[in-house]
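Open the model in your viewer and keep a selection box ready. Each stop says what to select and what is there.

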Amino acid sequence: MVLGKGRRLFGEGTPPFAMKMVNSEVSTTGVTIATYEPSGNVPVGTFLEDTPSEAELKRRERWAQEG
């Protein structure tokens, strides 16, 4: 799942799709370079819980204050 603020990673109207990592490398400066490819439909119900954890609620609060 790709979330966040700023420029879009995918174009407007791109349908959701699952991705799987097919390669990863770490550069000499410590940057992680990951390569993903589409892997079908997004599994339903695997990303969000009914009740967010305390850490998730704090993260959401910080994110709202930064916005």
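The tour starts with the whole chain, then moves to single elements and side chains.

**Before you start**

This is a predicted model: local features need pLDDT of at least 70, side-chain atom pairs count only at pLDDT 80 or more, and totals for chains, interfaces and linings use all residues. Residues are numbered from 1 along each chain as its sequence is written, and side-chain values use heavy atoms, with hydrogens and water left out.

**Stop 1: the whole chain**

Show the protein chain as a cartoon. Its secondary structure comes to one helix and two strands. Along the sequence the pattern reads β-β-α. Helices (H or I, at least four residues) and strands (E, at least two) are DSSP runs, numbered from the N terminus.

Now colour by accessibility. Of the 67 residues in the protein chain, 1% are buried. Buried means under 20% relative accessible area, exposed means over 50%, and partly exposed is in between (1.4 Å probe, protein chains only).

**Stop 2: the hairpin**

Select β1 (19-26) and β2 (residues 32-38). The two strands pair in the antiparallel sense over seven bridges. Strands count as paired if DSSP finds at least two bridges between them. Together β1 and β2 form a hairpin, with five residues between them. Click on Gly-30 in the turn: its phi is positive, about 95°.

Which residue of β2 stands opposite Ser-24? Select Ala-34 to see the partner. Then pick Met-21, whose bridge partner in β2 is Tyr-36. In a regular strand, side chains alternate between the two faces of the sheet.

**Stop 3: a nonpolar surface patch**

Keep Met-21 and Tyr-36 selected, and add Val-2, Leu-9, Phe-10 and Met-19. These residues form a nonpolar patch on the surface, with about 590 Å² of accessible area together. Patches are made of residues with over 30% relative accessible area and no salt bridge; like charges are joined within 9 Å, nonpolar side chains (Val, Leu, Ile, Met, Phe, Trp, Tyr) within 5 Å. Accessible areas come from the Shrake-Rupley method with a 1.4 Å probe, and for residues only the protein chains shown count as cover.

Zoom in on Leu-9. This residue is in the segment before β1. Leu-9 is exposed, because its relative accessible area is 61%.

**Stop 4: rings**

How many aromatic pairs does the structure hold? There is one. Select Phe-10 and Phe-17: they meet edge-to-face, 5.6 Å centre to centre, with 75° between the planes. Rings of Phe, Tyr and Trp (its six-membered ring) pair if their centres lie within 6.5 Å; planes under 30 degrees apart count as stacked, over 60 as edge-to-face and the rest as tilted. Phe-10 is partly exposed at 35% relative accessibility. Phe-17 is also partly exposed, at 30%.

Move to Trp-63. Lys-5 lies over its face, 4.7 Å from the ring centre. A charge sits over a ring if NZ of Lys or CZ of Arg is within 6 Å of the ring centre and within 35 degrees of the ring normal.

**Stop 5: salt bridges**

The whole structure has four salt bridges. Each is a side-chain nitrogen of Lys or Arg within 4 Å of a carboxyl oxygen of Asp or Glu.

Select Arg-8 and Glu-12. Their closest N and O atoms are 3.1 Å apart. Arg-8 is exposed at 58%, and Glu-12 is exposed at 67%.

Finish on helix α1 (residues 54-66). Glu-56 bridges Arg-59, with the closest N and O atoms 2.7 Å apart. These two residues are three apart, about one turn of the helix. Glu-56 also bridges Arg-60, at 2.8 Å. Glu-56 and Arg-60 are four residues apart in α1, so about one helical turn separates them. Shared partners join Glu-56, Arg-59 and Arg-60 into one network.
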